[in-house]
Structures are given as C-alpha cells and as structure tokens.
Amino acid sequence: MSETAQADARFAGLPGRPGKIIAIHLSYASRADQRGRRPADPSYFFKPSSSVAATGSEIVRPAGTELLAFEGEIAIVIGTPAKNVALEDAWSHVGWVTAANDFGLYDLRANDKGSNVRSKGGDGYTPIGAQLIDARTIDPAALRLRTWVNGQVVQDDTTAGLIFPLAQFVADLSQHFTLEVGDVILTGTPAGSSVVRPGDVVEVEVDAPDVDGCPTSGRLVTTVVQGTGIGFDGAIGSLPQVDDTQRAEAWGSRELAGLPEVVGPVDAAPALSPELRAKLEAVPVAGLSQQLRKRGLDNVTIDGVAPLHPEAKLVGTAKTLRFVPNREDLFTSHGGGYNAQKRAFDAVREGEVIVIEARGEAGSGTLGDILAIRANAQHAAGIVTDGGVRDHDAVAAVGIPVYSNGAHPAVLGRKHVPWDHDITIACGGATVQPGDVIVGDNDGVIVIPPALVEEVVDAALAQEDEDAWIAAKVAEGHPVDGLFPMNAAWRAIYDQEHA
C-alpha cells in the first residue's frame, strides 16, 4: 500500500482529514464527580490530525511507560462553517456524529498537563469511526456512549449526563475561530476511563437508542501493542515520569491503581477551625514547644530557618514538597516544565503552609517572587523552606509569611531537583507530614501532630496565664526561688486567686 493510501485509510471514519481537532477537558458530571471538581465553563485543547486512526488500528504503548489510558467519547463533525453562531443555531452546523477514543499517556503529563501536546498528540492516539451518523436524524441530548475493554462494558453514559450541551461547544468555539467543514470536536469522556495494557482491545460505540432503527457508529476497535526500543530521547525533551497522583488519575482511583488509601488524605487535609486558629495565633511557639516536650515530643522544631516577617505569626496545615540533590540527568527529566515545585504551588489551598525539604542546602533558591505571589494569591498561610530564597526583597514585598535558610541568587537547578509533593518529608531536621499543624513566630517554627493540637494549645494557653501571673509576682519584688516553678505554697495561692 502506498504512503498516500495508508494516510487516507486513517481518515476512513471521517469525511476527510480534519483541519482541526478540538477536545474538551471535562464535560460529564460522572467524570467531574470522580475528579472532585466541576468546571463553570468548558476548557479545551487541540489534537493534531496526524493522531487520527481508523477502526481496527493498533495503538503503541511506548517502551518505558505504564499509564496509557482510553477515553471513549462522542465526536461531532462540522458539516457547514460556523463563525459566531448562536446557541440555538449551533447544532445545524454539525454534519455528523461518531465514536472516538481520546487516548492519553499519563507518563508524559507532568510537563504538558493542560495542553496535552505530548501526552495526547501521538500517532494513533485519536481513533475515530467506525461510521458516521447523520446529525439531522438524532437528538443531541439523547445519544448513548459505551466503551468495552476486552468485551467488558467499562463506560455507559448518555448526553443527558453532560454538564454542557453538545451544541454549546460549537457555539462557544465559533466565537473564537471559524469551525470549518470536517473539523472534529471531541466532547469529553464520562467516568470509567482507565489504563490499558498491551494485548487489550478497546471498543467504543455511539448510538441513538430512542430513534427508530437506532442509528449507530458501529464499534470503533483499537488494539494496544507494546512498543520496543527506546521510547523517548530525554536529551531533547521530557522523559516519561509517573507518581502516585498520576497513577490514581490514569486508573480512575487509588484503589484501581492498587495504591493504599491515604491516611489523612491530601485531597481533604483537615482545615483548622477559626477558634483553633485563633488559639494558635495567641500562643507563642516557645509555649507550644514546652507542651510538646512534656508529651515526649522533642524533635518537632524546624531548625535553621528565620522569618522574612518577624512580626507575622504563621499558622496553617502542611502541604509538603521535596527536593533531592541535583543530578543532571534527573533534572532533565524532572526539573523543567510543570514540575513538582510548580504543581505544589498551584495546588496549595487557603490556610495551608508549603513546607519544603531542601536538606538544609542554602546554596540556591528554592522559590522566588513568582511562586510567592502564586501562594499568596491562593491564600496560603505561608512558606517554610530549609533551603534558600532568591529574589529575597521581592518575596518579602509579597507579604506572605516565609521562613528560610537565607537568601541566595542562584536558581533551583544549581543544587536541587524538584521530586515530589504531598508526601512525608524532612525539613530542618523535623519530619513533616501533609496535614500536620505548622506554627511559626520569631522564635522559630514547630510541627504539631493534628491529633494533639487541641490538647497542646489549651495546655499552652493555661501555662501562658500561669507564667503571666508569675511574672507579675516577680515584678512586685518576690524572689524566683519557689515561685518559678511554683512550690506548694505558691501553687495554693495561685489556685485560690484563680478559683
């Protein structure tokens, strides 16, 4: 078969080669509930037409990767040009409907999440077909989408489950550019998308069961095969990389990915109540340290860090970020693009403290003004790093509480590789877990286990009252001996005055 004939065969399920393929990130309520977020408006990304494949094709899982995931979708194909069309007229510009599979390689999402250029743009990553349904013959609100893996139904939903009607995608996109004849819109996937392995067969079908004769796209069939040799050359781009977050998203859940449940889940880190936060803000770190020591916890101070704003109290729950020592090949694969550092700062929530493990290495910055601005915009409670800060004055001007090991002008890559986030780390000699309570003042920063925080802060407040009374007695001229700490006689006087 000639190269031209082979190229034409890829588009057998379409009127011809599409000029544009536009895909929707999140559109079904079932998928949104699975992801824990529901968009107010659709967002989009482009896929190259070179990624199109016909039914019966094979998709290659590249060597060295593990997270190739299918997404059964309804594809709508433009029949007449659409530019600035109204919502009520949009469907009249759709010529055909068919099935599609929006494959993605999660191993490549770290540097491309959002654009999906690498992760979803590969050859064969957009099977479409097997045949076209005339859009005039069906109700776009009553289409059914089903996906099978090795003969088992894994997705079964209808367009009634969409957050946005199909016509909205046409109207919305037409405000920004002309949709031309043959352009394809991939309309998102419902819950059930998951990982497939070499040897798996994935089938997708779109039909209209409420219409006489049940118009159907037929089964769009794709077989997964294993790639051989070197999958990617990291010298000229990002290497595949996965973590447990990517695994959970690719498989659809931590359980399906074979991962243990997170204790004190990162996605639902316990927030401090306003009352508890107010108590913590009122107690000095020295008082909290004393109470933790009484309970056998000596190794809970983050040593070697100083505040940029000594007057500001730091109170929040930990969101952790880990750097490992720089190694050039690892920085090539993990240091550029949308790396763990940027993901952590993008994901920090109100009231959280970003705590960074930098091994006490102050020979480069671990954040600068842009990331400080991002954390502040997210209403983070503060940042603690046992490494350096670059753009020191600009970071200080942002106003967010920051504790660091000092200033340094060098960029991250001089000493560190951003490796992972939302894991147990070591910062300034203290172990910090996601959700731990972090409190800082001019004396330093302390880590409080969440299970102890109520007990510890109440005890510290009581001790503060007692210490204030002792200080007043000393100021009156009483000697320290017997008063600090109080002997039985002074204790009786104190108890009587505070009965």
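Which side chain meets that of Asp329 in a salt bridge? Arg327 is the partner, with a distance of 2.8 Å from N to O. Asp329 has a relative accessible area of 42%, so it is partly exposed. Arg327 is also partly exposed, because its relative accessibility is 45%. The model described here is predicted.

**Salt bridges**

A search of the whole structure finds 26 salt bridges. Side chains of opposite charge can pair when their charged atoms come close. Three of the pairs are listed below.

| Pair | Closest N and O atoms |
|---|---|
| Asp329 and Arg327 | 2.8 Å |
| Glu180 and Lys20 | 3.2 Å |
| Asp207 and Arg146 | 3.2 Å |

Glu180 and Lys20 form a salt bridge that links distant parts of the chain, 160 residues apart. Glu180 lies in the loop between α5 (166–174) and β12 (184–186), while Lys20 lies in the loop between α1 (3–10) and β1 (21–24). Glu180 is partly exposed, with a relative accessible area of 44%. Lys20 is buried, its relative accessible area being 18%, and the cut-off for buried is under 20%.

Asp207 and Arg146 form another salt bridge, and this pair joins strand β13 to strand β10 across 61 residues. Asp207 is buried at 2% relative accessible area. Arg146 has 17% relative accessibility and therefore counts as buried.

**The sheet around Arg146**

Strand β10 (residues 144–149) runs antiparallel to β13, and six bridges join the two. Within this pairing, Arg146 stands opposite Glu205 in β13. Both strands belong to an open sheet of five, in the order β4-β14-β13-β10-β11, with mixed pairing. At the edges are β4 (57–61) and β11 (152–158), each of which pairs on one side only. From one strand to the next, the twist averages 20°.

**A buried loop residue**

Ser217 is found in the loop between β13 (201–207) and β14 (220–226). With 0% relative accessibility, Ser217 counts as buried. Among the residues that Ser217 touches, leaving out those up to four places away in sequence, are Thr98, Gly129, Gln131, Ile133, Glu205 and Val206. Glu205 is thus both a contact of Ser217 and the residue opposite Arg146.

**A nonpolar patch**

On the surface, Val474, Val480 and Phe484 make a nonpolar patch of about 260 Å². Val474 is found in helix α13 (residues 453–475). Its relative accessibility is 34%, so Val474 counts as partly exposed.

Conventions: Residues are numbered from 1 along each chain as its sequence is written. This is a predicted model: local features need pLDDT of at least 70, side-chain atom pairs count only at pLDDT 80 or more; totals for chains, interfaces and linings use all residues. Side-chain values use heavy atoms; hydrogens and water are left out. Patches are made of residues with over 30% relative accessible area and no salt bridge: like charges are joined within 9 Å, nonpolar side chains (Val, Leu, Ile, Met, Phe, Trp, Tyr) within 5 Å. Accessible areas come from the Shrake-Rupley method with a 1.4 Å probe; for residues, only the protein chains shown count as cover. A salt bridge is a side-chain nitrogen of Lys or Arg within 4 Å of a carboxyl oxygen of Asp or Glu. Helices (H or I, at least four residues) and strands (E, at least two) are DSSP runs, numbered from the N terminus. Buried means under 20% relative accessible area, exposed over 50%, partly exposed in between (1.4 Å probe, protein chains only). Contact means heavy atoms within 4.5 Å. Two strands pair if DSSP finds at least two bridges between them. Axes are lines fitted to C-alpha atoms, for helices over the stretch in contact, and angles run from 0 to 180 degrees between N-to-C directions.
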